[in-house]
Amino acid sequence: MADGDENSSANPTTLAGLWLKSRPSRKPPPPQPAGSHSTEPAHPSESGNTNSQLGLLFSTPATDPTNPPAPQPATRRRRTAAPPDPTQTASDPDKPKRRTVRAKPSAPPPPAPTDRRIFTVRDLVTGIRQQVEREYANLWVEGEISNCRLAPSGHIYFTLKDGDAQLSVVLFRRQAEILRFRPQDGLAILARGRISVYESRGQLQLIAETLEPRGAGALQLAYAQLKVRLLAEGLFDAARKRPLPAFPRSVGVITSTGGAVLHDIVKVIRRRHARLNLLVYPATVQGPGCAASIAAGIRFFNAHPEKADLILIARGGGSIEDLAGFNDEALARTIAASALPTVSAIGHETDFTIADFVADLRAPTPSAAAELITAAQHRIEERVQALDARVRRAIRYLLMQARQRLSALSIAEIQNRLQILIGRRGQRLDDLRHRLESAANRSLRTPASRLATLTARLDRNNPSVRLALAGQRLESANQSLGRLALTTIAARAATLDHASARLHALSPLAVLNRGYALVYAANGQLLRDAADTKPGNPIRARLATGSLTAEVKTVDTP
């Protein structure tokens, strides 16, 4: 039992050690009647194994030096050590006595302990939970909210962080409904509740009864202060934002190679602009080295401007702690000093970082950034359509001028003017007739006409009529689809025939069929000049069908 106490004191942060240390058995046990068994685990390895299996951390208050643990009975210590050697004690009485353990093969093994108690995991965790709930029944805890999540049941789950420590907190629906504010990430709060253990996971948690806001957390405060300072320096001004190149040849992507962000970017780029090159700089996008890693990538692309026309900084969504590296001042100044245009695509559409405000363009998501980079490629079609419309308008204007010149030279100009006057009078007469009929209809409207209108509306809304019209439209669409398919197939077949004819015309074998030949030297090199060979050298001629070998007799050069 002494060894077990030493293990417990060496690991004060485990729940098992806390529970075993706080049990009344630490005091000298009272005398027990014969035949009764102790409830303490006799074997020292049992408590150690229990501690290692739980693996639950809990910061316990320091042990009071004025109240040390009670000494253990000497009978329990004698179970783990062999008796001292009487020969050595008697030979030198002046030396200090020390205990020596020796293995004696002739000695019988010690008897098995009879007071050992084995805990099941559930019993041990339940005992720890009960002990913790008794010791920490009502307390206040201050920290910063992170990973806040509202469950469909109405319960609120979040993590309370303070420095390098964190504690899981649950606020049940009954208490959450009476809160005057909504918990969110980055909010510093003061929580009152009790400590408990979630037995299904063996996890320590705080069951909160009420929450009080304490202002924004450290990360939110640092973010707001840095944003105000950089805004005052003009790093967020729209005047210093540079436009992206319309048709970039290569894009430098700074992101992690192990996430789905890079896959999404590549997918969008290949779909919209397959010829655009992507040069990826692997970077750390989370943790202490995030800002330095991304700044190194920006400096790399600026040192090699021939490798990329613009820089894309991308990362998936996350909490404010995950995106804290993009709120670094040194990184913001590196982005502002970049000679290449930068695009920031960090997190989701609702996530904003300092890097987003400093970059030349902020995209809501990495996929949207890829679409913005390739937007000019898609605007080409719109530009072509606009030019086509301008050409058509110009042609119509030229035709109108030609008609005007022709009418000026026509002999029947007077007849045309008379026709115009008659047309205007007829238009005026039609207008008056229409106004007269409208006034008559308004004054002579009867319930019968209203009934006819309602009947017509009912007929138009008749399901059978609507179904018949829908069937007609479906049949017309099927016929149009068939005609379109036949037209498309015919056009593709014509294109294929044309390409095949061109390919056959460009084939070297087709040239040989017209009587030409390819002449090679003895070393297999194609002869293009008579000066490349000499009389007496063998040559080989490739014909349309077969080849022949000959010998050069004479060489005629210009």
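Start by selecting strand E9 (residues 342-346) and E10: two bridges join these strands, which run parallel. Helices (H or I, at least four residues) and strands (E, at least two) are DSSP runs, numbered from the N terminus. Within this pair, Val343 stands opposite Leu361 in E10.

Before going on, note that this is a predicted model, in which local features need pLDDT of at least 70, side-chain atom pairs count only at pLDDT 80 or more, and totals for chains, interfaces and linings use all residues. Residues are numbered from 1 along each chain as its sequence is written, and side-chain values use heavy atoms, with hydrogens and water left out.

**The parallel sheet**

Now widen the selection to E7, E6, E8, E9 and E10. These five strands form an open sheet in the order E7-E6-E8-E9-E10, with parallel pairing; two strands pair if DSSP finds at least two bridges between them. Strand E7 (277-282) and strand E10 (361-362) stand at the edges with a single partner strand each, so one side of each has no neighbour in the sheet.

**Arg315**

Select Arg315, in strand E8 (residues 310-315). Which side chain of opposite charge is nearest to Arg315? It is Asp322, 4.6 Å away; Arg315 is buried yet has no salt bridge. Buried means under 20% relative accessible area, exposed over 50%, and partly exposed in between (1.4 Å probe, protein chains only). Lys and Arg count as positive and Asp and Glu as negative, while His and the chain ends are not counted. A salt bridge is a side-chain nitrogen of Lys or Arg within 4 Å of a carboxyl oxygen of Asp or Glu.

Show the side chain of Gln286 next: a polar contact of 2.8 Å joins it to the side chain of Arg315. A polar contact is a pair of N or O atoms within 3.5 Å; within protein, one must be able to donate a hydrogen and the other to accept it, and residues adjacent in sequence count only if both atoms are side-chain atoms. A polar atom of the Arg315 side chain also lies 2.9 Å from the backbone oxygen of Val285.

**Gly318**

Move to Gly318, in the loop between E8 and helix H11 (329-336). Gly318 counts as partly exposed because its relative accessibility is 32%. Leaving aside neighbours within four places in sequence, Gly318 is in contact (heavy atoms within 4.5 Å) with Leu323 and Asp351. Add Asn147 to the view: Gly318 and Asn147 are 171 residues apart in sequence, and their C-alpha atoms are 9.3 Å apart in space.

**Salt bridges**

The structure holds 13 salt bridges. Select Arg333 and Glu329, whose side chains meet in one of 3.0 Å, N to O. These two are four residues apart in helix H11, so about one helical turn separates them.

Then select Arg194 and Glu133, whose side chains form a salt bridge of 3.6 Å, N to O. Arg194 lies in strand E4 (residues 187-198) and Glu133 in helix H6 (residues 121-135), so the pair ties together parts that are 61 residues apart in sequence. Extend the selection to a network of salt bridges that links Arg122, Arg129, Glu133, Arg194 and Glu199.

**The antiparallel sheet**

Last, select E11, E12 and E13, three strands that form an open sheet in the order E11-E12-E13, with antiparallel pairing. Its edge strands are strand E11 (518-520) and strand E13 (547-551), each pairing on one side only. Three bridges join E11 to strand E12 (residues 538-542). Finish at Tyr520, whose bridge partner in E12 is Arg540.
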